[in-house]
Amino acid sequence: MYQKELKPLEWVGPSKDDLKSFPAEVQDHIGFALYQAQVGLKHRDAKPLKGMGSGVLEVVSRHDGDTYRAVYTVRFRSAVYVLHAFQKKAKKGIATPKREIDLIRRRLKAAEQHHEENYGQDYSNEQK
C-alpha cells in the first residue's frame, strides 16, 4: 500500500503549549486533523478561516460546553504550520474575535518568513 509522506509540523508562537493545555479529547480531535493535513488530507471538521485567503484552515472542537479552536496553514508544500490554538471565550456569536484574527495574521507572516528561510519559496498549489 502506498504511504503518503508526512510533512513536518511547525508550531508558531506558543501554539503547541496552548494546544497541550486543552482537554485530552480536544487534543486528540485537533491532533488527528493536523495529522491528516500532514499527509495531504483535509479533516471533515477543517474549514477555511474567512478573510485569510486559501490554505488557512480552522478546526473547532467542543467539550463540556467550551469551544476550542486551532488554526493552521497548508499553503506550503514542505510543512504544515500551526498558527494558533485557543479557547473561544465569547458566549455569543461564532465569529473568531478580531484580536485573534490579528494574531493569526501576524503568525502567518512569521510562518511565511520561517518557511522561506528554512525551506525556500516552496508554496503549494493553493498558493497565497
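Which residue in strand 4 is the bridge partner of Leu57? Tyr72 is. I will come back to that pair after the overview.

First, the basis. This is a predicted model, where local features need pLDDT of at least 70, side-chain atom pairs count only at pLDDT 80 or more, and totals for chains, interfaces and linings use all residues. Residues are numbered from 1 along each chain as its sequence is written, and side-chain values use heavy atoms, with hydrogens and water left out.

Now the overview. The protein has three helices and five strands. Helices (H or I, at least four residues) and strands (E, at least two) are DSSP runs, numbered from the N terminus. Along the sequence the pattern reads β-α-α-β-β-β-β-α. Of the 128 residues, 45% are buried; buried means under 20% relative accessible area, exposed means over 50%, and partly exposed is in between, with a 1.4 Å probe and protein chains only. The protein exposes about 7,700 Å², and carbon and sulfur atoms supply 50% of that area. Accessible areas come from the Shrake-Rupley method with a 1.4 Å probe; for residues, only the protein chains shown count as cover.

Next, the sheet. Its five strands make an open sheet in the order 1-5-4-3-2, with mixed pairing. Strand 1 (9-11) and strand 2 (46-48) are the edge strands, each pairing on one side only. On average, neighbouring strands are turned by 35° against each other, direction ignored. Two strands pair if DSSP finds at least two bridges between them. In general, strands of a sheet pair through backbone hydrogen bonds, either parallel or antiparallel.

Back to Leu57 and Tyr72. Strand 3 (residues 56-63) and strand 4 (residues 66-73) run antiparallel and are joined by eight bridges. Besides Leu57 facing its partner Tyr72, Glu58 stands opposite Val71. The hairpin of these two strands has two residues between the strands, and Asp64 there takes a positive phi near 50°.

On to the pairing of strand 4 with strand 5. These strands also run antiparallel, with seven bridges, and Thr67 stands opposite Lys88 in strand 5. Their hairpin connection runs through six residues. Is strand 4 largely enclosed or open? Seven of its eight residues are buried, so strand 4 is largely enclosed by the rest of the structure.

Phe76 lies in the loop between strand 4 and strand 5. Phe76 is buried, with a relative accessible area of 0%. Its C-alpha atom is 8.6 Å from that of Gly55, although the two residues are 21 apart along the chain.

Now the helices on the sheet. Helix 2 (residues 24-38) packs on the sheet and touches strand 1, strand 3, strand 4 and strand 5 (80-88). Its direction makes about 155° with that of strand 3. Helix 3 (residues 98-119) also packs on the sheet, touching strand 1, strand 3, strand 4 and strand 5, and its direction makes about 160° with that of strand 5. Contact means heavy atoms within 4.5 Å. Axes are lines fitted to C-alpha atoms, for helices over the stretch in contact, and angles run from 0 to 180 degrees between N-to-C directions.

Last, Phe32, which is found in helix 2. Phe32 is partly exposed, with a relative accessible area of 42%.
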